[in-house]
Number of protein chains: 4
Amino acid sequence: MIAMEKITYRPVRDELAYTFGGRLPVAHLHSGDVLEVFTEDCFGGLVRGPADLPSQVCRMPYLNPVSGPFFVEDAEPGDTLAIHLASITPARDWGVSSTFPHFGALTSTSHTATLQPPLEERVWVYGIDRQAGTVRFQATETNHAINLPLDPMIGTIGVAPGGFQARSTIVPDTHGGNLDTPRLRAGTTLYLGVNVHGAMFALGDGHACQGEGEACGVGVEIATTTILTVEVIKGVSTVWPRLETDTSIMSIGCARPLEDAYRIAHHDMVGWASELTGLEILDAYQLISQVGRAPIGNVCDPNYTVLAAVDKALLPTPDPAYTGVHARLRQHTTGLR
Amino acid sequence: MIAMEKITYRPVRDELAYTFGGRLPVAHLHSGDVLEVFTEDCFGGLVRGPADLPSQVCRMPYLNPVSGPFFVEDAEPGDTLAIHLASITPARDWGVSSTFPHFGALTSTSHTATLQPPLEERVWVYGIDRQAGTVRFQATETNHAINLPLDPMIGTIGVAPGGFQARSTIVPDTHGGNLDTPRLRAGTTLYLGVNVHGAMFALGDGHACQGEGEACGVGVEIATTTILTVEVIKGVSTVWPRLETDTSIMSIGCARPLEDAYRIAHHDMVGWASELTGLEILDAYQLISQVGRAPIGNVCDPNYTVLAAVDKALLPTPDPAYTGVHARLRQHTTGLR
Amino acid sequence: MIAMEKITYRPVRDELAYTFGGRLPVAHLHSGDVLEVFTEDCFGGLVRGPADLPSQVCRMPYLNPVSGPFFVEDAEPGDTLAIHLASITPARDWGVSSTFPHFGALTSTSHTATLQPPLEERVWVYGIDRQAGTVRFQATETNHAINLPLDPMIGTIGVAPGGFQARSTIVPDTHGGNLDTPRLRAGTTLYLGVNVHGAMFALGDGHACQGEGEACGVGVEIATTTILTVEVIKGVSTVWPRLETDTSIMSIGCARPLEDAYRIAHHDMVGWASELTGLEILDAYQLISQVGRAPIGNVCDPNYTVLAAVDKALLPTPDPAYTGVHARLRQHTTGLR
Amino acid sequence: MIAMEKITYRPVRDELAYTFGGRLPVAHLHSGDVLEVFTEDCFGGLVRGPADLPSQVCRMPYLNPVSGPFFVEDAEPGDTLAIHLASITPARDWGVSSTFPHFGALTSTSHTATLQPPLEERVWVYGIDRQAGTVRFQATETNHAINLPLDPMIGTIGVAPGGFQARSTIVPDTHGGNLDTPRLRAGTTLYLGVNVHGAMFALGDGHACQGEGEACGVGVEIATTTILTVEVIKGVSTVWPRLETDTSIMSIGCARPLEDAYRIAHHDMVGWASELTGLEILDAYQLISQVGRAPIGNVCDPNYTVLAAVDKALLPTPDPAYTGVHARLRQHTTGLR
C-alpha cells in the first residue's frame with residue numbers, strides 16, 4: 001500500500017540547522033519513503049578529546065545541529081506525522097560527554113541562577129564497540145573503567161512549530177525538538193502534530209546511551225546514521241509528542257517545573273487511553289494512576305521532559321493507536337534494521 | 001551473628017499513629033529481630049464500597065494511619081537504621097482507590113489553588129487474588145475490567161524526625177514518611193538516618209499496586225501483614241532515605257518542585273556512588289548521568305518523591321553498601337517470605 | 001469593651017522554643033490583654049561579630065528561637081486568633097546578617113542541590129540608631145557604607161499546627177511560622193486559624209529591615225521588645241494567615257514552587273474580597289487581577305511566601321474584616337506605641 | 001547632542017506582527033529619534049463587549065499583536081538598546097478584560113494540566129476617563145462598580161531574539177516580549193540586549209492598569225498611542241531586560257518556576273549594583289538582600305516575570321547606569337509627555 005522510495009541525506013556543514021522553523025527544506029519525502037540520514041553530534045563533531053572544551057571549541061548558537069528539515073508531501077496543519085525509527089547506528093567508534101559551565105541538573109544554571117562559580121568543565125571520551133554493543137566509560141581522575149550497554153537514541157527530533165515561530169534546537173516543546181528521552185530508540189514510532197505545510201521535520205543529537213534526566217546535561221554524544229520512515233495521518237491532530245512501541249504507548253510533556261511536564265504527559269495519556277478503550281475519563285484516570293510509568297527524559301533543557309507510559313496489555317481492549325500505523329511502519333521497515 | 005526474636009504487632013484502632021515523632025513506642029526491637037506487623041489502609045479501613053466517599057467517612061487528621069512507633073535498641077542520632085522488608089501480604093481480598101477533592105496530580109489542590117470546582121469524588125473497589133497474583137480493575141461507568149499484576153508495596157514508612165518535630169504521616173521528607181514509591185516492595189532494604197534515641201520507626205499505607213507518580217493521589221489501598229527485620233548501623237549517618245535490592249541502589253529525594261526531588265536524589269547518589277567505588281566526584285556525576293534511572297514516586301503528596309537508581313553491575317568495583325547489611329538481612333529472613 | 005491586663009515576658013535561654021506545637025505554655029492571656037515580650041534574634045544572640053560564623057557558633061536545631069507559646073483563653077479549634085502588633089523595638093543597638101552555607105536564594109541549597117561548593121560564609125554587623133531611624137550597612141571588602149531606613153518586623157510568628165504536629169520554627173505554613181515578610185511591621189493585625197485549645201502562639205526572629213525575598217536567606221537580625229494584643233474571634237475559621245493594616249488587607253500563601261504561594265494567597269484573597277463585598281467570585285477574581293499587589297516575603301525558607309494585598313479603597317463598599325477587630329485593637333493599643 | 005526626528009507609525013491590520021524575529025522592518029530609526037506609535041490591544045480590537053468571547057472572536061496565533069519591528073540604525077549584536085517611554089495614552093475610551101479558557105494563575109492551564117473543565121469565559125468592559133485618570137470597573141453579576149487609578153503600561157515590548165529564532169509575542173524572555181509588568185509605564189527606560197543587526201524592536205499590548213501577577217491572565221487591555229525615543233549604547237551588552245526610572249533601577253527575570261524568575265532578576269541586580277558602586281559581589285548580595293524589592297510581573301504567561309528593584313538612594317555612590325542615558329532621554333522628551 002505504501003509506496004517506498006529510499007532517500008539518503010548527508011548534510012555538509014553549512015546545511016546543518018539550528019532551529020525548527022524558519023528554514024527551507026533539504027529534501028522532499030512521501031508517506032512510506034525510507035530516509036537514511038546522517039546526523040552530526042550535538043557539538044558539531046568539534047569535541048574529540050579532553051582538550052576540546054565545548055565552551056571553547058563551540059560557538060553559540062551553533063550547538064545541537066539537526067539534519068533537515070524534510071518536507072513531507074501532503075502534510076498539512078491539523079494532520080499528524082508518524083516517524084518510525086527503524087535503526088540508529090553510531091557513525092563513529094567513539095562518543096563524548098562533558099560538563100558544561102552552568103548547564104545540567106546538579107549545577108546552578110543561567111535560570112537557576114546563583115552566585116557560585118561553575119563546576120569544572122571536563123570532557124569524557126567513550127569507546128563504542130558496535131559488535132559487542134558496549135559503550136566504554138573511562139574515569140578521568142582514576143583508573144576506573146566499565147562497559148555500559150549501547151542503547152542508541154535520537155535526542156532531538158521535531159517539526160516546524162506553529163505561529164510563524166522558529167525555535168532553537170536546544171528546546172523541546174509541542175513540536176518535539178530536544179526531547180532527550182532514552183525511549184526514542186529504534187523500533188519506536190513518534191507522533192507529532194503538523195503545524196505548517198510539509199511538516200518540515202528534522203533530527204539530530206544522537207546518544208549512545210543516556211541516563212534518565214541527563215543529569216550532567218550531556219549524554220554520550222554521537223553522530224549517527226539513522227534509518228526511518230514516515231506516514232502522514234490525515235485529519236488527526238496531535239497536541240503533544242507521543243511514542244509507540246510494540247508493547248506500549250507514551251505521551252511526552254515538556255515544561256518547567258518538572259511536575260507540569262508530568263501533568264501534561266499524564267493528562268494527554270488519560271485522554272488517549274480513554275479514546276482508545278472507550279473508558280470514561282475518570283475511569284481512565286484511575287487506571288493510569290495504577291499502571292502508568294513516568295520515565296523522566298531530561299532535567300536540564302529549557303523545558304524538562306517527562307513521559308507517561310502504559311503497557312498496551314494493561315489497557316482493556318484498546319483500539320490500535322492512529323489506526324495501526326506503528327505496526328504498518330514496523331512491518332514496512334523489516335529488513336532495514 | 002544477629003540474634004533473632006519474632007515480634008508480632010497488631011494495633012487496635014486507638015493505637016494507630018498519625019505522626020512520625022511525638023508518640024511513645026508500642027514495642028521494643030533489637031537488631032536482628034523479626035517483626036510481623038499488621039498495617040491498616042490509608043483510610044483506616046473505612047472505605048469499603050462506592051458509597052464510602054473518603055471525604056465523608058474519614059475525618060482529618062485521621063488519615064494515613066501507621067503502626068508503631070517501634071523503639072530500636074541501641075539506635076542513636078547519627079546512626080542509620082536498616083529496615084529489610086521480607087514480605088508484604090494483602091490482609092484482605094480487596095483494595096480501594098478513589099479520587100479525593102482537590103488532591104492528586106491532575107486536579108487543582110489546596111496548594112496549586114484554582115477557582116475550579118473539584119473533580120467528582122468516586123471510589124473504585126479492586127478484587128485481590130493472592131494466588132493468581134492479580135488486582136482486578138473494574139470501571140465504574142462502563143463494563144471494562146482487566147487484571148493488573150499484584151505488586152504490594154509499603155507507601156509510608158519512617159522514623160521520628162529531628163529537631164523536636166512531629167510530622168503528619170501524609171508528608172515524606174528526610175525521615176521517610178509517605179514516600180509512596182512502588183520500589184518499596186518486598187526484598188528491599190530501606191536506610192533511614194536516626195534522629196532520636198530508639199529511632200521510633202513506624203509504617204503503613206500499603207498499596208496492592210501503584211503507578212509512578214500516583215497520579216490520582218491514591219494507590220490501590222490495602223491493609224497488609226508485613227514481615228521485616230531491622231539492624232542498627234552504628235556511627236554511619238544517612239541524610240536522605242536510601243534503598244537497596246539485590247541488583248541496585250537507590251537514593252530518594254522529597255521536595256517541591258519535582259526537579260528538586262530529582263536533584264536531591266541524584267546529588268545523594270553521586271556522593272554515594274563515589275564513596276562506594278572511589279570514583280572522583282565529577283567522574284561519578286558523569287557515570288550516573290549515563291546509567292542512572294529516575295523513577296518517580298509520587299506527584300501528589302506535600303513533598304513529591306523522585307528516586308535515583310543505579311544497577312550495581314554498572315558501577316566499577318563497588319564496595320558493599322553499609323558493609324553488606326542488605327545481603328545479611330536478606331539471608332537472615334530466608335524462609336520468612 | 002475589651003478587658004486589659006499588661007503581661008511582660010522575657011524568656012531565659014532554656015525557655016526558648018524551636019517548634020510550633022509540642023510545647024507547654026509559658027503564660028496565659030485573655031482577649032484584650034497586652035503582652036510585652038522580648039524576642040531573641042534568629043541566632044540566639046550568638047552572632048555578634050565577623051568571627052562568629054553562624055554555622056560554627058550555632059548548633060542545629062537551636063536556630064530561630066521563639067518566645068512562647070502563649071495560651072489564649074477561650075481559643076478553640078475553628079476560631080481565629082487576631083494578633084495586633086502595636087510596636088516592635090530593637091532591643092540592642094546592633095543587628096547582624098550573614099551568608100550561611102547552602103542557604104539563600106542565590107546559592108544552591110540542601111534541596112536545590114548541586115555539586116558546587118557553598119558561597120563563602122560571612123557576617124555583616126549593622127549599627128542601629130533608633131532615634132535617627134536608621135540601620136547602617138558597612139561593606140566588608142571596601143569602605144562603602146550607607147544608612148538604610150529602620151523598618152522593624154517580626155519574621156516568625158505562629159500558632160500550634162493541627163494534626164498533633166510540631167513544626168520547626170524555620171518553616172512557614174498555614175499555622176504561620178517563619179513567614180519572613182516585611183509587612184509584619186507595627187500597626188498590623190495578623191489573623192491565624194486556631195488549631196489547638198489555647199492557640200499556643202509564639203514569636204521571634206525580628207528584622208531591623210529585610211528586602212523582599214530575603215535573598216541571602218538572612219535579614220538584619222535583631223532581638224526585639226514587641227508589644228502586642230490579642231483577640232479571639234469565635235466561630236470564624238481562617239485557613240491561611242492574613243494581615244490587615246489601616247489601608248489594606250493581605251492573604252499569605254506559603255509553598256514551593258513560588259507560583260503556588262502566589263496561587264494560595266490570591267485564591268484566598270479572591271474569596272475574602274468576595275465575602276467582604278458581596279462580589280460574585282469571578283467578578284472578585286477580575287477586580288483583584290487589576291488592583292492586587294503581590295509582595296514576595298521569602299524565597300529561601302522551606303516554604304516560600306507570597307502575599308496578595310489589596311487597598312481597601314479599591315474594593316467596592318467592603319464590610320470591615322473580622323467585624324472590625326483591627327480598628328478595635330488599634331484603638332485599644334493607642335498610647336502603647 | 002542627540003539628533004531628533006519625529007516618526008509616526010500606525011499599522012494597518014495586515015502589518016501587525018505576532019512574533020519577535022522573522023519579520024521585515026516597518027520603519028527605520030536613528031538614536032534620538034522620537035517615535036509615536038499606535039498599538040492595538042491584545043485581542044486585535046475584536047473584543048468590544050460581553051458577547052465577544054475571546055476564544056470565539058480571536059483565532060490563534062493572531063493574538064497579542066505588536067507594532068513593528070523597527071530597525072534601529074547602528075544597533076549590532078553586543079550593543080544595548082535603550083527605549084525610553086515618554087507617554088502611553090489610551091487610544092479609546094474603553095478597555096476590556098476577560099477570563100480565557102485554561103489561561104491565568106487561578107485556573108488549570110495547558111501546562112498545569114488538570115481534568116477539570118475551564119472556568120467560565122467572560123468579558124469585562126471598563127470605561128476609561130483620561131481627564132479624571134480613572135478606569136471604571138463594573139461587576140457583571142451585581143451592581144458593584146468602582147473607579148480604579150488609570151496607570152497605563154506597555155505589556156509587550158522586545159527585540160528580535162538571537163540564534164535565528166522567531167518567538168511568539170505571548171512569550172517573555174531575554175529579548176523582552178510579553179513582560180507584563182506594571183513598571184513599564186511612562187517615564188521608564190527599558191534596556192534590551194541587541195541580538196540582530198538593527199535590533200528590530202516592536203511593542204504592543206497596552207494595559208490601562210494591571211495587578212501584580214496579572215492573576216486572571218488579562219489586564220485592562222487597551223489600544224494606545226505611545227511616544228518613545230531610543231538610543232543605541234555601543235559595545236555594552238545586556239543579558240536580561242532592565243528598567244530605570246528617576247529613582248530606581250530594576251532587573252527582570254523571565255522563567256518558570258517563579259523562583260527562577262526571582263533568581264535571575266536578583267542575580268542580575270547583584271552584578272549590576274556591584275558594577276555601578278564598586279561593591280564586592282557578596283557585599284552587593286548582602287545589601288540587595290536588605291533593600292531590594294521584588295515586584296511580580298506576570299504569573300500566567302509561558303514564562304513568569306519577577307523584577308528586582310532597588311532605589312538608587314539606597315546604593316552607596318553609584319555611577320549612572322549606562323552612562324546616564326535615562327536622564328538624557330528623559331530630558332530629550334521633555335515637552336512630549
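**Chain pairing and helix H2**

Guide: In this predicted model, chain A superposes on chain B by a rotation of 180° with 0.0 Å of shift along its axis, at an RMSD of 0.0 Å.

Visitor: How are the two copies related, then?

Guide: As by a two-fold rotation axis.

Visitor: Which C-alpha of chain A is nearest the axis?

Guide: That of A:Leu258, which lies 2.7 Å from the axis.

Visitor: And what surface do the copies meet through?

Guide: The same one, because 100% of the interface residues of chain A are also interface residues in chain B.

Visitor: Switching to chains C and D. How do their H2 helices pack?

Guide: Helix H2 of chain C and helix H2 of chain D, each residues 258–277, pack at about 115°, and their axes are 6 Å apart. Roughly perpendicular covers 65 to 115 degrees, so H2(C) and H2(D) fall in that class.

Visitor: Which residues make the contact?

Guide: From H2(C), C:Leu258, C:Glu259 and C:Tyr262; from H2(D), D:Leu258, D:Glu259 and D:Tyr262.

Visitor: What does that come to by class?

Guide: The contact of H2(C) with H2(D) has 4 nonpolar and 2 charged residues, with no polar ones.

Visitor: Back to chain A. How many residues has its H2, and what is its reach?

Guide: H2(A) has 20 residues and reaches 28 Å from first C-alpha to last, close to the 28 Å expected at 1.5 Å a residue.

Visitor: Is H2(A) enclosed or not, and why?

Guide: Largely enclosed by the rest of the structure, because 17 of its 20 residues are buried.

Visitor: What comes just after H2(A)?

Guide: A:Gly278, with a positive phi of about 85°.

Conventions. Residues numbered from 1 in each chain as written. Chains lettered and ligands numbered in written order. Predicted model: local features only at pLDDT ≥ 70, side-chain atom pairs only at ≥ 80, totals over all residues. Heavy atoms only, no water. Axes fitted to C-alpha atoms, helices over the stretch in contact; angles between N-to-C directions. Helix = DSSP H or I, 4+ residues; strand = E, 2+ residues; numbered from the N terminus. Parallel < 35°, antiparallel > 145°, perpendicular 65-115°, else oblique. Contact = heavy atoms within 4.5 Å. Nonpolar A, V, L, I, M, F, W, Y, C, P; charged D, E, K, R; others polar. Expected span 1.5 Å × (residues − 1). Buried < 20%, exposed > 50% of the residue type's maximum accessible area, 1.4 Å probe, protein only. Least-squares fit on C-alpha atoms with pLDDT ≥ 70 in both.
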